[in-house]
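Biologist: I'm new to this one, so could you walk me through it? I'll ask short questions and you fill in the picture.

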Amino acid sequence: MELARNLVTCKLKCYFLKAPKKICLYHVRHIRLAEVGKLETPKLQGKYETGQLILHRVFGYRGVILFPWTARVYDRDIPNKREGNTNDHYNSVGKEVKGRTHTFYQVLIDQRDYPFIRAQTEAVTFLSNHESSHSLYTVPGLDYVAHEDVLPYTTNEKTALQHELFDKFLVYNPNQEPCFVAQETLRAWQKKNHSWLELSDVHKETTENVRVTVIPFYMGYRGSQTTAAHW
């Protein structure tokens with residue numbers, strides 16, 4: 001009886017020791033790679049043009065540049081320079097942070113990549129143009145990307161990006177570089193919504209090993225003689 005009990009115990013031990021190996025096999029995932037284009041050398045000087053296709057260096061999504069913005073970046077992770085520094089690119093903010101001029105880009109995100117972005121899908125919120133309305137509306141798939149996070153690439157596909165605004169804003173022209181050029185719709189949209197889209201200040205800081213970027217926007221004012229609302 002004792003021998004039988006030991007034999008059963010050994011078999012149970014072997015079974016439970018092997019079980020995790022079998023379970024692990026069920027978690028194997030197959031990754032399928034697909035060609036999207038050819039990477040180009042990132043620009044160290046100058047700006048990218050409207051219509052440039054990009055990969056986001058951090059989040060990995062595909063996108064296309066609509067237009068650039070110039071902002072002041074206040075990075076609390078960079079040690080301040082001496083107070084006597086007269087570099088025009090630095091401007092004191094209080095006594096703790098200095099700002100520098102930096103280029104950001106308004107980017108359309110490929111909607112096929114939404115499920116794979118390791119964060120909430122970016123969007124831009126607008127204040128209604130009607131004076132009597134306090135309503136807000138949001139355009140999904142719009143992002144602000146720093147120059148150093150742009151990985152440019154090219155493709156021969158005429159529909160290189162899937163976004164509801166892509167065909168309205170850009171048109172394919174194989175004789176241009178980049179091959180997607182702005183339509184009048186994009187220029188009119190930028191002019192109309194300039195005050196909602198423009199960014200002026202960007203704040204960065206690492207807290208508990210998490211790098212955080214904050215971009216504040218002043219969207220506008222709605223008010224009457226008795227009430228006032230700032231967005």
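Modeller: Some ground rules, then. Two strands pair if DSSP finds at least two bridges between them, and helices (H or I, at least four residues) and strands (E, at least two) are DSSP runs numbered from the N terminus. This is a predicted model, where local features need pLDDT of at least 70, side-chain atom pairs count only at pLDDT 80 or more, and totals for chains, interfaces and linings use all residues. Residues are numbered from 1 along each chain as its sequence is written, and side-chain values use heavy atoms, with hydrogens and water left out.

Biologist: Let's start with the hairpin of S2 and S3: which residue takes a positive phi there?

Modeller: Strands S2 and S3 (residues 62–75) run antiparallel, with three bridges joining them. In that pairing, Ile54 sits opposite Gly63 of S3. Five residues lie between the two strands, and the one with a positive phi, near 80 degrees, is Gly60.

Biologist: And which residue in S9 is the bridge partner of Leu53?

Modeller: S2 also pairs with strand S9 (residues 150–154), again in the antiparallel sense, over four bridges. Within S9, the bridge partner of Leu53 is Tyr153.

Biologist: Are the residues on the two faces of S2 buried or exposed?

Modeller: In a regular strand, side chains alternate between the two faces of the sheet. For S2 (residues 53–56), Leu53 and Leu55 are on one side, with Ile54 and His56 on the other. Here buried means under 20% relative accessible area, exposed means over 50%, and partly exposed is in between (1.4 Å probe, protein chains only). Both faces of S2 are covered, and those four residues are all buried.

Biologist: Which element gives the largest share of the largest nonpolar core?

Modeller: A nonpolar core is a set of buried Ala, Val, Leu, Ile, Met, Phe, Trp, Tyr and Cys residues joined through side-chain atoms within 4.5 Å. The largest one has 28 residues, and Leu66, Leu108, Phe169, Leu170 and Trp189 have the most contacts inside it. Contributors of at least two residues each include S2, strand S5 (97–109) and helix H3 (184–192). The largest share, six residues, comes from S3.

Biologist: How many residues are in the other core, the one with Tyr61?

Modeller: That core lies apart from the largest one. Among its members are Tyr61, Ile65, Ile109 and Ile117, and its size is 10 residues.

Biologist: Now salt bridges: how many residues apart in sequence are the parts that Asp110 and Arg62 tie together?

Modeller: A salt bridge is a side-chain nitrogen of Lys or Arg within 4 Å of a carboxyl oxygen of Asp or Glu, and by this rule there are seven. In this pair the closest N and O atoms are 3.9 Å apart. Asp110 is buried at 0% relative accessibility, and Arg62 is buried at 14%. Asp110 lies in the loop between S5 and strand S6 (123–127) and Arg62 in S3, so the parts tied together are separated by 48 residues.

Biologist: What about Asp75 and Arg211: which one is partly exposed?

Modeller: Their side chains meet in a salt bridge at 2.7 Å, N to O. Asp75 lies in S3 and Arg211 in strand S13 (residues 210–214), so the pair ties together parts 136 residues apart in sequence. Asp75 counts as buried at 9% relative accessibility. At 41%, the partly exposed one is Arg211.
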